[in-house]
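Here is a walk through the sheets, helix pairs and a couple of buried charged residues in this structure. Have the viewer open and follow along.

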Protein chains: 2
Amino acid sequence: MRIAVDGMGGDNSPHAVVEGCVEALKEFDDIELYITGKEEDLQKEFDKYDYDKSRIKLINSTEVISPNEHPAMALRKKKDSTIVKALRLVKNEECHGVISAGSTGAFLAGCTLIVGRIKGIERPALAPVMPGKNGPFMVIDAGANVDCKAPYLLQFAKMGEIYFKTVMEINNPKVGLINIGEEEEKGNELTKEAYKLLKEENNINFIGNVEPREVSSGDVEVLVCDGFVGNAVLKMYEGVASTITSLIEQEIKNSPISMIGVPFLIPAYKKLKKKMDYKEYGGAPFLGVNGICVKAHGSSDAKAFKNAIRQTRIFYNNNLIEKIKLEIEKNHKI
Amino acid sequence: MRIAVDGMGGDNSPHAVVEGCVEALKEFDDIELYITGKEEDLQKEFDKYDYDKSRIKLINSTEVISPNEHPAMALRKKKDSTIVKALRLVKNEECHGVISAGSTGAFLAGCTLIVGRIKGIERPALAPVMPGKNGPFMVIDAGANVDCKAPYLLQFAKMGEIYFKTVMEINNPKVGLINIGEEEEKGNELTKEAYKLLKEENNINFIGNVEPREVSSGDVEVLVCDGFVGNAVLKMYEGVASTITSLIEQEIKNSPISMIGVPFLIPAYKKLKKKMDYKEYGGAPFLGVNGICVKAHGSSDAKAFKNAIRQTRIFYNNNLIEKIKLEIEKNHKI
């Protein structure tokens, strides 16, 4: 499999990207990586490592799109940017998938504009998988579509379900609608209408509304919502986790007796940290576009990049795109 | 001041309600309480305590509205319910304020239908104050209006600002818009339009968008959003806090070494628990109705009830309703 990698995306590029690529090459012997960026800068990083040169191709590109630029305008202006060049590799079928930790807006817009939507998909959706209390869960959409109509949410549910079956290997994953009450009649206009559509759909295991407080339990695998709510819920998850952790640390520092206990707790905290580490799950797939497109977190380190590559490889080996196409076609025939 | 109390609202009624009332009578010598419920049941509870009988009035009411009933229908059908009777006491000016821990839907609908809106207010909003890392913060609206227009959000901001100045005694409180990006152009149609209105308003200290991950920091006092987002954010706050805590507990239990540290940490955890305890803040005011209406949490204990009474008293002593009226009138004259 050939994977295109945006070599200049994210806070730690290019060094973390290159290190992640080198590690991935060691771990998976069936991949080749096409990395976009200034060739000499990338080469300098690669020279730090021993790696199989025949499986790396550097694609020179002189521009970088920053997260502060207007996505569509930047894509139009910067034809030689690392994001545009990486996406073109997929469009031209030189690569089977693409990963970027760069500007989310530009990457998602570029996926739709350059790689293109799967026929029949109304809106592609960003679908990160997060660590929950009892297992991983996916929020779909996590920010690509801030204003949604109910039929989009039904498609999100279908794509999320296929992803969980295919990539996470969970049979019959539970699908829930993020809503502010458990009962069918709760919520706003969008969720009330989406509820009806999801209930009528026989091919998914729809379990009803899931309140935001239950999201992080991980008891429901696929959590459907519009991109505004999904993004808010995920950012809240990050924010509250760090608030709680820092409040605990503060109180411990203020209490000399508590300080004595700290060294004993380190092993438990370390394990917890690993469990809650989104980097273990790689990047967020952008589902509904006609190619494997993975958005890595802007703060990705080498490990996160390696895991994004691992994930992209699983997508490919399991024919995720074909499965989504089949599902959507099936519905259009009915 | 005379306060109407729904004696049968909440999971712990009537015993927690009555205990909270008795404690409040001891702490504040300028209040009288009118409590609705089955007179004999309430009397039985009160008989457990020593209290000033001249400052308690039991208002017999035979019906209770459960949280599962349709709010508007229940209000129409159950004219003798504890919620309806308590609200009528405010409408008839027998009481200056009302508190209920019962059905949120029925209480809020009743506030609007029975007590009525302040003239000029488009939508009253539920506005709980929560404990944050660096101080308390308010989310307005927290669930009363799931589908909003931008001008409602501007009014929410004004009412929240007046509340913080008046009840929390914070001068020039910061007002933020809950949004999924910091920049002005981020968000959905509603937040983009609301941003413009808030920016144009000179009388509030609008500091721009606040991302959900920053909500719990408490750095911004008044957080404006539609009721769907507000409710989701608050429920997420509860959910993540409990997930993190239980994950820590789980990991500690699985690690014998960590167990040794636990006793040392108890004082720090206890302090943290008090800091994060919403019960300290009483109930959530329903702002924009023509009377002091406070929604107590369904799981309120005696302490939470006592604090809701304390809060209602501060509203009254600071002429909160009059101040909101003045602000709204001012805007209508312009």
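Helix α6 of chain B, residues 150–166, lies across four strands of its own chain: β6, β7 (136–140), β8 and β10. Against β7(B) the helix runs at about 150 degrees. Keep in mind that you're looking at a predicted model.

The strands under that helix belong to an open sheet of five in chain B, ordered β6-β7-β10-β8-β9, with mixed pairing. At its edges sit β6 (129–131) and β9 of chain B, each of them paired on one side only. On average, neighbouring strands in this sheet are turned by 30 degrees against each other, direction ignored. For a closer look inside the sheet, take β8 (residues 174–178) and β10 (residues 222–224) of chain B: they run parallel and are joined by three bridges. Within that pair, B:V175 stands opposite B:V222 of β10(B).

Just past the β9 edge of chain B there's a residue worth clicking on. B:E211 is in the loop that links β9 (205–210) to α8 (212–215) of chain B. Is B:E211 buried or exposed? Its relative accessible area is 11%, so B:E211 counts as buried. Which residues does B:E211 contact, leaving aside neighbours within four places in sequence? From chain B there are B:N179, B:I180, B:G181 and B:E182, and from chain A there is A:K235.

Still in chain B, strand β4 (residues 97–100) is covered on both faces. B:G97 and B:I99 are buried on one side, and B:V98 and B:S100 are buried on the other. β4(B) also has strand partners. Strand β1 (residues 2–6) of chain B runs parallel to β4(B) and is joined to it by three bridges, while β12 (residues 292–295) of chain B pairs with β4(B) in the parallel sense over four bridges. B:I99 turns up in both pairings: it is the bridge partner of B:V5, and it stands opposite B:V294 in β12(B).

Over to chain A, which has 12 helices and 12 strands. Of its 334 residues, 58% count as buried. Among contacts in chain A between residues at least 6 apart in sequence, 72% join residues at least 24 apart.

Chain A has an open sheet of seven strands, in the order β3-β2-β1-β4-β12-β11-β5 and with mixed pairing. The edges are β3 (56–60) and β5 (125–126) of chain A; each has a single partner strand, so one side of each is left without a neighbour in the sheet. For β5(A), two bridges make the join to β11 (residues 284–287) of chain A, and these two strands run antiparallel. A:L126 has A:F286 as its bridge partner in β11(A). Helix α11 (residues 302–317) of chain A lies across β1 (2–6), β2 (32–37), β4 (97–100), β11 and β12 (292–295) of that chain, at about 155 degrees to β12(A).

Two helix pairs in chain A are handy to set side by side:

| Helix pair | Axes come within | Crossing angle |
|---|---|---|
| α6(A), residues 150–166, and α7(A), residues 189–200 | 8 Å | roughly 50 degrees |
| α1(A), residues 15–27, and α2(A), residues 39–46 | 9 Å | roughly 55 degrees |

With that angle, α1(A) is oblique to α2(A), and their crossing is right-handed. In α1(A), A:H15, A:V18, A:C21 and A:V22 meet A:L42, A:E45 and A:F46 of α2(A). By class, this contact divides into five nonpolar residues, one polar and one charged.

α6(A) and α7(A) are oblique to each other as well, and their crossing is right-handed too. On the α6(A) side, the contact is made by A:A150, A:P151, A:L153, A:L154 and A:A157, and on the α7(A) side by A:L190, A:E193, A:A194, A:L197 and A:L198. That gives nine nonpolar residues, no polar ones and one charged.

One more stop on α6 of chain A: A:K158 is found in this helix. The relative accessibility of A:K158 is 6%, so this lysine counts as buried. What does A:K158 touch, not counting residues up to four places away in sequence? The list is A:E201, A:E327 and A:N331. A:K158 and A:L198 are 40 residues apart in sequence, and their C-alpha atoms are 9.5 Å apart in space.

Conventions: Residues numbered from 1 in each chain as written. Chains lettered and ligands numbered in written order. Predicted model: local features only at pLDDT ≥ 70, side-chain atom pairs only at ≥ 80, totals over all residues. Heavy atoms only, no water. Pairing = 2+ DSSP bridges. Contact = heavy atoms within 4.5 Å. Axes fitted to C-alpha atoms, helices over the stretch in contact; angles between N-to-C directions. Parallel < 35°, antiparallel > 145°, perpendicular 65-115°, else oblique. Left-handed = near helix turned anticlockwise from the far one by under 90°. Nonpolar A, V, L, I, M, F, W, Y, C, P; charged D, E, K, R; others polar. Buried < 20%, exposed > 50% of the residue type's maximum accessible area, 1.4 Å probe, protein only.
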